[in-house]
Amino acid sequence: MATLRLGDIAPDFTQDSTEGRIEFHKWLGNSWGVLFSHPKDFTPVCTTELGATAKLKGEFDKRNVKVLAISVDPVESHKGWVGDIEETQGAALNFPLIADPEKKVADLYDMIHPNANDTLTVRSVFVIGPDKKVKLIITYPASTGRNIDEILRVIDSLQLTANYSVATPVNWNDGDDVIIASSVSDDDAKAKFPQGWDAPKPYLRIVPQPNK
Ligand code: BEZ
């Protein structure tokens, strides 16, 4: 299996899920997507992550992002677990959890890191653009729950780049100033940002966030 890198086409697959059979690319349609792996059903950290993501589903919807979770356990096991997620986290699962008992998707996306654990996946996150290309890969160990707000923050940054040719600086949050992408010449920037920009250095061109 070749290493999956940013800019690669996200591998397609067909798997059963808590919401029936999913053909990944077809299911994504023209949306953005988040695919995130969970090491095992009925485990504590995963339970909290799935509940927190379910609570933020409206935020993903607003950004035209479809969320898909994966655990290597079978669908029957997933269906038993979802009741626990609702009971303990106060939110019912509102996106599909795919089953991957043969570890096909886990292999395609390199989610099993044998020197960490040779059967369970790590906590991988893939953000996929409407062009089906991988835009973000982050990897956490099984013992650290992810920050779902951070995933939304990166999606906001990716979408600003896609729509307005801007990059986001360190610790950027929605509403903060952004940076004109280096790929945009000053001449093109004049057309895109007619109000001008602050440039403490010629390569550091700062503008207010365009969609605010
Ligand atoms: C958890 O979700 O709590 C977990 C799963 C696998 C290994 C360690 C923690």
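This report looks at the surroundings of a ligand and at the packing of two helices.

The model is predicted, so local features need pLDDT of at least 70 and side-chain atom pairs count only at pLDDT 80 or more, while totals for chains, interfaces and linings use all residues. Residues are numbered from 1 along each chain as its sequence is written, and side-chain values use heavy atoms, with hydrogens and water left out.

**Around the ligand**

Let's meet the neighbours: P39, T43, P44, V45, C46, R123 and A142 surround the ligand, each with a heavy atom within 4 Å of it. This shell holds 5 nonpolar residues, 1 polar and 1 charged. Here Ala, Val, Leu, Ile, Met, Phe, Trp, Tyr, Cys and Pro count as nonpolar, Asp, Glu, Lys and Arg as charged, and the others, Gly among them, as polar. Helix α2 (residues 44-55) gives the largest share of the shell, 3 residues; helices are DSSP runs of H or I with at least four residues.

The table lists pairs of N or O atoms within 3.5 Å.

| Residue | Protein atom | Distance to a ligand oxygen |
|---|---|---|
| P44 | polar backbone atom | 3.3 Å |
| V45 | backbone N or O atom | 2.7 Å |
| R123 | side-chain N or O atom | 2.9 Å |

**Two helices meet**

How are two packed helices described? By the angle between their axes and the distance between the axes. Helix α2 packs against helix α4 (residues 75-89) at about 70°, with axes 9 Å apart. The two helices are therefore roughly perpendicular, a label for angles of 65 to 115 degrees. Among the α2 residues in this contact are C46 and L50, and among those of α4 are W81 and I85; contact means heavy atoms within 4.5 Å.

Terms used. Polar contact = N/O pair within 3.5 Å; in protein donor to acceptor, adjacent residues only side chain to side chain. Axes fitted to C-alpha atoms, helices over the stretch in contact; angles between N-to-C directions. Parallel < 35°, antiparallel > 145°, perpendicular 65-115°, else oblique.
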